[in-house]
Amino acid sequence: MSDHGEMQAVAAGRARTYGVLSALYTTAPARDVAAMIRAGGLVAGGASVPLSTAANDLSDAFREAATQGLDNELAAEHTRLFVLPCGVMPHESMYLDVNKRLGGRVTAGVQRYYENAGAQLTRACLELPDHMGVELEFMNFLCDIEAQLRKQSDVAGLQRCLGFQHDFLTEHLLRWYQPLCERVLRDSSSGAYRALARLTTAFLDAEGALVPRLIDELDTEARILCVSET
């Protein structure tokens, strides 16, 4: 059986990473977010080399920006990349909707996930549901719920929560993060935002492998519990 204390820490760490990434896509770097990034530790210990390297690169880029007094430049680059129509357009609809229609079928599908999970997203009122920052915040929400359920050793609740994570990743985030990040890498000369794209790619690559494994481990645990109770 899994160690729920250890796995609670893993879920909390994943939530933290999702939260930082969400903040960086949604708004120009706030002072507290920038300080957190400079402090490091954006991913949990034991992360893969590509993921650890990408996280360290983002921290280094923010330290360099602080040393050179580039806060205004970071804010301007955020606007250019993620706000202006000439930017990378960080909405799932722009990558998966044939007609690239914001607020259409793709957006509505994402919104249904939030409603079915009972999610209260602080940024949802500021951006469309299929904005990268909002989708990442939804995963932050689900990982926070997972951490709470791990603390309670609620296996049935965990199965539902991990099911939501898996389905949302496979039906939404994992289908469009790569072309978005490739556009950021192509269009931005900012070390901080290029590092953000690399960290997003490495982290979601890792999530795509981790969540199915967590589900398999939990299913095994549930079967063991059923046998022991009979």
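**Group meeting talk: an all-helix model**

Okay, let's start on the outside: the protein exposes about 11000 Å², and carbon and sulfur atoms supply 53% of that. Keep in mind that what you're looking at is a predicted model.

So what is the secondary structure made of? Nine helices and zero strands. If you walk along from the N terminus, you just read α-α-α-α-α-α-α-α-α.

How about the overall size? The C-alpha atoms fill a box of roughly 65 × 40 × 25 Å along the principal axes. A compact globule with 230 residues would have a radius of gyration near 17 Å, and this protein has 18 Å, so the two agree. Buried residues make up 46% of the 230. And if you take the contacts with a separation of 6 or more, 70% of them come from residues 24 or more positions apart.

Now let's go inside. The largest nonpolar core has 56 residues, and the ones touching the most other members are Leu-58, Leu-173 and Leu-199. Helix H9, residues 191-229, gives the most to this core, with 10 residues. Take Leu-58 and leave out residues up to four places away in sequence: Leu-58 touches Leu-24, Ile-37, Leu-42, Ala-192, Ala-195, Leu-196 and Leu-199. There's also a second, separate core of nine residues, including Leu-149, Cys-161, Leu-162 and Leu-218.

Ile-37 brings us to helix H2, residues 31-39, where Val-33, Ala-34 and Ile-37 are buried. Look down the axis of H2 and its buried residues fall within an arc of 100°, so they line one face of the helix. What do they pack against? Helix H1 (4-26) and helix H3 (49-67). Over on the other side of H2, you'll find Arg-31, Asp-32 and Ala-39 exposed. Just after H2 comes Gly-40, with a positive phi of about 85°.

Last stop, the cysteines. A disulfide, by the way, is a covalent bond between the sulfur atoms of two cysteines. How many disulfides are there here? The count is zero. Why not at Cys-86? Because the closest cysteine sulfur, in Cys-181, is 19 Å from the sulfur of Cys-86, too far for a bond. Cys-143 is in no disulfide either: the nearest cysteine sulfur belongs to Cys-161 and is 7.2 Å away.

Are these two buried or exposed? Cys-86 has 62% relative accessibility, so it counts as exposed. Cys-143 sits at 0%, so that one counts as buried.

That's my tour, thanks!

Key:
Residues are numbered from 1 along each chain as its sequence is written. This is a predicted model: local features need pLDDT of at least 70, side-chain atom pairs count only at pLDDT 80 or more; totals for chains, interfaces and linings use all residues. Side-chain values use heavy atoms; hydrogens and water are left out. Buried means under 20% relative accessible area, exposed over 50%, partly exposed in between (1.4 Å probe, protein chains only). Helices (H or I, at least four residues) and strands (E, at least two) are DSSP runs, numbered from the N terminus. The arc is that of the directions from the helix axis to the C-beta atoms. Contact means heavy atoms within 4.5 Å. A disulfide is a pair of cysteine sulfur atoms within 2.5 Å. A nonpolar core is a set of buried Ala, Val, Leu, Ile, Met, Phe, Trp, Tyr and Cys residues joined through side-chain atoms within 4.5 Å. The radius of gyration is taken over C-alpha atoms; the globule rule is 2.2 Å times the number of residues to the power 0.38. Accessible areas come from the Shrake-Rupley method with a 1.4 Å probe; for residues, only the protein chains shown count as cover.
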